[in-house]
Amino acid sequence: MIQRDEPFSTVFARALQGIPCRVVGLDDGPSVLPMGEWTREADEQDLAVLAHCSGPTLDIGCGPGRMTASLARMGHQVLGIDVVPEAVEQTRQRGVPALLRDLYDALPDEGRWETVLLADGNVGIGGDPVALLRRSRELLGSFGRVVVEVAAPGTALSTRWVTLEAGEARSRPFRWSVVGADDIATVAAKAGLGVTTCTGVGSGDRWVSVLQVRG
């Protein structure tokens, strides 16, 4: 029997523990979350995304910490934050710092981070990418940047109510957005950020955009 209306963090924790998980409502049909890609070590495409990070970096929605740990190995001061206790614990198990914290809560070193990282589609967090990027801008120093993974060109900007299903657990509906390469400049401008780079990485199925704080 499916347990309905579980907290997002409870269902996503099951996914991190190896239970197959799918997201319902984001596309025309259910989509399996690529948990294997998120829990492994960073690959060449991940490193191509991380090459755009500069200086002290805040990894928002760090998940199990593959990107956070890679940034640390690259010599960055780095902190991961996530709302899922299991994700924070798995990040810490990789030997890097992480906090159980919502990005709209008070965070360490606000206004002094050089980079905010939004990888793996995390620009969709909360279903309001403008508000998310505005908050990211608040966390940055005067010359900071947001490194954001976006969907490929041709992907329409959208916001939907979605749920997660893992085993017999189903999450409460939550809002999630998809932002593609075609729309990131418009979204960023509303948050006081300008696009300096938007490019495909690896085989081109992943895209990264670098947003700079405007004076």
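Which residue takes a positive phi in the hairpin of β2 and β3? I looked there before anything else. Gly 25 does, with a phi near 110 degrees, and the hairpin has six residues between the strands. I note that the model is predicted.

**Entry: strand β2**

I then went along β2, residues 21-24, and asked which side chains point to which face. The side chains alternate. Cys 21 and Val 23 point to one face and are buried, while Arg 22 and Val 24 point to the other and are not.

Next I looked up the partners of β2. With β3, residues 31-32, β2 pairs in the antiparallel sense over two bridges. I found Val 23 opposite Ser 31 in β3. With β9, residues 158-166, β2 also pairs in the antiparallel sense, over four bridges. Here Cys 21 stands opposite Ala 166.

**Entry: salt bridges**

How many salt bridges are there? I have the count as 13. I took some of them one by one.

I began with Glu 41 and Arg 73, whose side chains form a salt bridge at 3.3 Å, N to O. Glu 41 lies in the loop between α2 (35-39) and α3 (44-50) and Arg 73 in helix α4 (residues 66-73), so this pair ties together parts that are 32 residues apart in sequence. I checked exposure for both ends. Glu 41 has 46% relative accessibility and counts as partly exposed. Arg 73 has 56% and counts as exposed, because the cut-off for that class is over 50%.

The next pair I looked up was Glu 149 and Arg 206, which meet in a salt bridge at 2.8 Å, N to O. Since Glu 149 belongs to strand β8 (residues 140-150) and Arg 206 to strand β13 (residues 206-213), the pair ties together parts that are 57 residues apart in sequence. Are these two residues buried or exposed? I find both Glu 149 and Arg 206 buried.

I also noted Glu 165 and Arg 170, with a salt bridge of 2.9 Å, N to O. Glu 165 is at 12% relative accessibility and counts as buried, because that lies under the 20% cut-off.

**Entry: a network**

Last, I asked which residues are joined into one network by salt bridges that share partners. I wrote down Arg 40, Asp 43, Asp 46, Arg 66, Asp 120, Glu 149 and Arg 206. Glu 149 and Arg 206, the buried pair from the entry above, are therefore on my list twice, as a pair and as members of the network.

How values were computed: Residues are numbered from 1 along each chain as its sequence is written. This is a predicted model: local features need pLDDT of at least 70, side-chain atom pairs count only at pLDDT 80 or more; totals for chains, interfaces and linings use all residues. Side-chain values use heavy atoms; hydrogens and water are left out. A salt bridge is a side-chain nitrogen of Lys or Arg within 4 Å of a carboxyl oxygen of Asp or Glu. Buried means under 20% relative accessible area, exposed over 50%, partly exposed in between (1.4 Å probe, protein chains only). Two strands pair if DSSP finds at least two bridges between them.
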